[in-house]
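Work through the exercises below with the structure open. Try each task before reading its solution.

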Amino acid sequence: MTALTIVCASFLGLFPSVEKPLPVGSSRFTMPYPDSIRVFTYKPANYSNGPLLVVFHGAGRNAEEYRNHAISMAEKFKAIVVAPRFDARWFNGDRYQRGGVLRNGKPQPSNQWTFSMVPKLVSLVRTREGRPDMPYYLIGHSAGGQFLVRMAAFMPGDACRIVACNPGSYLFPTRDLPYGYGFANLPQSMGNDDALRSYLASPLTFYLGTDDTDVSENFDATSLAMQQGDNRIERGRACFLMAQKLAAKNKWAFNWRKIEAKGVGHSAPGMFSAREVEDAIFGPTQQNSARTRAVSFLR
């Protein structure tokens with residue numbers, strides 16, 4: 001392909017322009033993965049070397065709304081927000097909430113996991129902003145929280161923190177439940193003690209609304225899920241407690257956090273605007289506070 005052809009193709013929109021920084025305000029671009037991923041973005045007018053927040057939508061696949069819900073965080077934390085959309089036509093529950101680890105019950109290569117899209121997206125934004133070491137934080141609500149809980153187990157990458165808001169079900173650190181509720185029926189290398197230890201060492205925050213007790217909409221009421229608790233906040237508290245006890249018993253590093261937003265139910269805008277969100281994303285861990293590099297961005 002000649003240089004002239006490439007220039008013409010770029011002008012016609014056949015190839016996305018990745019060399020320019022993201023524009024100020026709300027925007028969008030398309031990222032091939034190989035299925036096209038629409039990414040909704042927001043950059044504050046006063047942005048200057050702040051962090052990146054990658055926001056993951058719920059079961060409604062409404063990434064544009066989630067980007068809009070996250071604008072308050074972008075402005076407050078002087079951060080770029082990007083919100084990828086996982087179209088239900090290509091990303092069903094197995095590929096989204098459970099990350100594509102299994103397909104028809106069979107383990108898939110890690111380069112085919114949906115989780116593997118995240119570092120590619122981060123790399124693209126870092127390249128466009130000219131900041132290869134740009135710190136980034138992941139935050140997802142409901143189905144997006146489920147995605148991040150399971151990603152923390154198998155592909156946390158170099159995220160400073162992974163914040164799961166109000167997931168409907170959890171990946172409990174146990175081999176008594178099958179994936180994606182536990183670590184059974186996975187390859188030995190993904191379900192052994194080393195895998196569990198790595199999971200508990202990941203920079204994972206459970207960010208829970210204390211009023212998230214309504215089970216009337218998009219609630220996982222399967223028998224396996226009900227073993228985790230009667231509602232979302234019960235499940236989050238139970239998973240955290242199990243992990244905490246397991247880490248203490250085995251003297252493993254435990255870098256999880258649990259932050260509860262008082263009076264908030266199953267609401268992404270409620271969780272993103274609650275005063276506790278800053279602590280959920282940027283607060284230090286007891287054992288690994290060096291990972292959180294947000295202080296300079298918030299002052």
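**Exercise 1. Which residues does Leu138 touch, leaving out those up to four places away in sequence?**

Solution. This is a predicted model. Count a contact when heavy atoms lie within 4.5 Å. Begin with Val54 and Phe56, both touched by Leu138. Then add Val118, Leu148 and Met151. Finish with Ala159, Arg161, Ile162 and Val163.

**Exercise 2. Place Leu138 in the largest nonpolar core, and find the helix that gives the most to this core.**

Solution. The largest nonpolar core holds 62 residues. Leu138 is among those with the most contacts inside it, along with Phe56, Phe154, Tyr199 and Trp256. Now look at the helices. Helix α5, residues 143-154, contributes the most, with eight residues. A second core is separate and has 30 residues, including Ala74, Phe77, Ile139 and Ala274. As a general point, nonpolar side chains in soluble globular proteins tend to be buried together.

**Exercise 3. Trace the strand order of the open sheet and name its edge strands.**

Solution. Eight strands run in the order β1-β2-β4-β3-β7-β8-β9-β10, and the pairing is mixed. Check the ends: β1 (25-32) and β10 (257-261) each pair on one side only, as edge strands. From one strand to the next, the twist averages 20 degrees.

**Exercise 4. In what sense do β3 and β4 pair, and which helix packs on the sheet?**

Solution. Take β3 (residues 52-56) and β4 (residues 80-85): they pair in the parallel sense over three bridges. Leu53 has Val81 in β4 as its bridge partner. Next, find helix α4, residues 117-129, which packs on the sheet. Helix α4 touches β1, β2, β3, β4 and β7. Its direction makes about 125 degrees with that of β1.

Terms used. Residues are numbered from 1 along each chain as its sequence is written. This is a predicted model: local features need pLDDT of at least 70, side-chain atom pairs count only at pLDDT 80 or more; totals for chains, interfaces and linings use all residues. Side-chain values use heavy atoms; hydrogens and water are left out. Two strands pair if DSSP finds at least two bridges between them. Helices (H or I, at least four residues) and strands (E, at least two) are DSSP runs, numbered from the N terminus. Axes are lines fitted to C-alpha atoms, for helices over the stretch in contact, and angles run from 0 to 180 degrees between N-to-C directions. A nonpolar core is a set of buried Ala, Val, Leu, Ile, Met, Phe, Trp, Tyr and Cys residues joined through side-chain atoms within 4.5 Å. Buried means under 20% relative accessible area, exposed over 50%, partly exposed in between (1.4 Å probe, protein chains only).
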